[in-house]
Number of protein chains: 2
Amino acid sequence: MTGAFAAATHVERVGESTWAAEIPPGWDVLGAVDGGVLLAIAGRAMRAATGREPVTLTAHYLAPGRTGPVEVDVDVLRSGRTFTTARAVLRQGDRAVTALLGTFGDLAEDADVLIQAHEPPAWPDPETLPRLTAPNDDGFPPAFVNRIDVRVHPEDAGFYEGRPAGRPVMRACLRLLDDEPIDAIGMLLAVDSLPPPTFNTHLPVNWTPTIELTAHVRAVPVPGWLRIDTATRFVSHGRLEVDGVIWDSADRLVAQMRQLALVPRPSAS
Amino acid sequence: MTGAFAAATHVERVGESTWAAEIPPGWDVLGAVDGGVLLAIAGRAMRAATGREPVTLTAHYLAPGRTGPVEVDVDVLRSGRTFTTARAVLRQGDRAVTALLGTFGDLAEDADVLIQAHEPPAWPDPETLPRLTAPNDDGFPPAFVNRIDVRVHPEDAGFYEGRPAGRPVMRACLRLLDDEPIDAIGMLLAVDSLPPPTFNTHLPVNWTPTIELTAHVRAVPVPGWLRIDTATRFVSHGRLEVDGVIWDSADRLVAQMRQLALVPRPSAS
């Protein structure tokens, strides 16, 4: 364990195909453990079971995760020369919290960039931006932002003071506290660490529970800040997608994320 | 069964949690069954097991599918008020071909479009475009295009004659033969029916096996042509993503797709 994130998502093997973790307080959003923390815990168990790094990992969120003990049952479906595919269920007692399916492999196989048809956006120096902090445990921003170092892009930061930018985009820089390195498991936290882009619009939507999230990890980032660029294009038929691109400080694409979330109907008032 | 696609992907329940299908000849790409056909077969079994329509379905392709008998084992993980989550393995004999995880629900829940930040692209009348056909069973285009009606966008059609457009985009209109309707299961075929966008570039890549594909179905399309718009932004570290957006003939977003594919290293020559 090299830091608070590694400790919060640490797993111990407790059975032939079962790993256990203990989620400490403070990694939640209003009582529900952050989806990226659940993804990271399951990813660690699946990494241990496959002996390989996450390349593409999909999670379906079945029920809110709670602080406290959790177990992950992993089932390796196929192991080949290049990849190992496994599925898992993260549960708390008899309650299935998250179901996962992923393919694991070698992240250092081929470092060539053949096409990059989208360039990293211009960004102010994150050291000059204010750190996002939660004033208390049950407010907004959620308490778990105190466990990481998030610097929201100045054009997107107004919504925290009630001035949304008016377009479904949310961008921030992220690093772990105390220079804890971000490996492939840390990327699983990073892909689900920002508020939804629709919070930056005037839509009357203040809660968008994730149905499914898929992370593609291309490479382990070089040390330094991650830049996370997320956007939503379609809010329709009661659902929305969030697309995320993560760059490392060497301007390399290191991960992509897409999630599908539910758009609760505004309650009649 | 209302047509050739429904017949090719028809499933029969053969056990408590097992469905069987028989893939007829002609739905393959050089001997490997098209990934959208495998997704549709598994989707039908999972739809039968959950009693609901596919909302988000992820497939990991473990081994090539072959013409002939196939079985799908479905495991329902959780059924709630709004959604049912299930996982499945599609196999041929003892060989796992495709592993799946999906959430199923009601596609007609809420027809409001709240944000559409990306408009359907301008498109010529598909009736005026030539139908893509395969001259023989083991050439290019692959034989399975004869089973559907695909009209490639004129700006992207040159690559079939060795003149790629030079950018990683591939667009086409699609319908099933004999006016067979496209329901949510038909959409699972549609999301994986075009050649990869990188075929439209000058990259020396002529084979990009899919590792993982996720389809989000927003709505059942109205009758008529689907427009499918796919693009790749990042070819790096030995992998590429393909993003797809599908519009129906009423200009509604009906599905999104993202897949991760392997970029084989060009052989030294």
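Is A:Val254 buried or exposed? With a relative accessibility of 0%, A:Val254 counts as buried, because the cut-off for that class is under 20%. This value, like the others below, comes from a predicted model.

## Surroundings of A:Val254

A:Val254 belongs to strand β16 of chain A. Leaving aside residues up to four places away in sequence, A:Val254 is in contact with A:Met187 and with a run of residues that includes A:His216, A:Val217, A:Arg218, A:Ala219, A:Val220 and A:Pro221. Its other contacts are A:Leu226, A:Ile246, A:Trp247 and A:Asp248.

A:Arg227 is 27 residues from A:Val254 in sequence, and the C-alpha atoms of the two are 9.9 Å apart in space.

## Strand β12 of chain A and its partners

Strand β16 of chain A, residues 253-262, pairs with β12(A). The two strands are antiparallel and are joined over 7 bridges. Within this pairing, A:Thr210 stands opposite A:Ala261 of β16(A).

β12(A) also pairs with strand β5 of chain A, residues 53-61. Here there are 5 bridges, and the strands again run antiparallel. A:Leu57 is the residue opposite A:Ala215 of β12(A). Strand β12 of chain A covers residues 210-217, and 8 of its 8 residues are buried, so the strand is largely enclosed by the rest of the structure.

In a regular strand, side chains alternate between the two faces of the sheet.

## B:Asp149 in chain B

In chain B, B:Asp149 sits in strand β10, which spans residues 148-152. Its relative accessibility is 5%, so B:Asp149 counts as buried. The side chain of B:Asp149 makes a polar contact of 2.8 Å with the side chain of B:Arg151.

When residues up to four places away in sequence are not counted, B:Asp149 touches B:Arg131, B:Cys173, B:Leu174, B:Arg175, B:Leu177 and B:Trp225.

## How the two chains are arranged

A turn of 180° with a shift of 0.0 Å along the axis lays chain B on chain A, with an RMSD of 0.0 Å. The two copies are thus related as by a two-fold rotation axis. Among the residues of chain B, B:Leu101 comes closest to the rotation axis, with its C-alpha at 3.3 Å.

Through which surface do the copies meet? Of the interface residues of chain B, 100% are also interface residues in chain A, so the copies meet through the same surface.

Note on methods:
Residues are numbered from 1 along each chain as its sequence is written. Chains are lettered from A and ligands numbered from 1 in the order in which they are written. This is a predicted model: local features need pLDDT of at least 70, side-chain atom pairs count only at pLDDT 80 or more; totals for chains, interfaces and linings use all residues. Side-chain values use heavy atoms; hydrogens and water are left out. Helices (H or I, at least four residues) and strands (E, at least two) are DSSP runs, numbered from the N terminus. Buried means under 20% relative accessible area, exposed over 50%, partly exposed in between (1.4 Å probe, protein chains only). A polar contact is a pair of N or O atoms within 3.5 Å; within protein, one must be able to donate a hydrogen and the other to accept it, and residues adjacent in sequence count only if both atoms are side-chain atoms. Contact means heavy atoms within 4.5 Å. Copies are superposed by least squares on the C-alpha atoms of residues with pLDDT of at least 70 in both. Two strands pair if DSSP finds at least two bridges between them.
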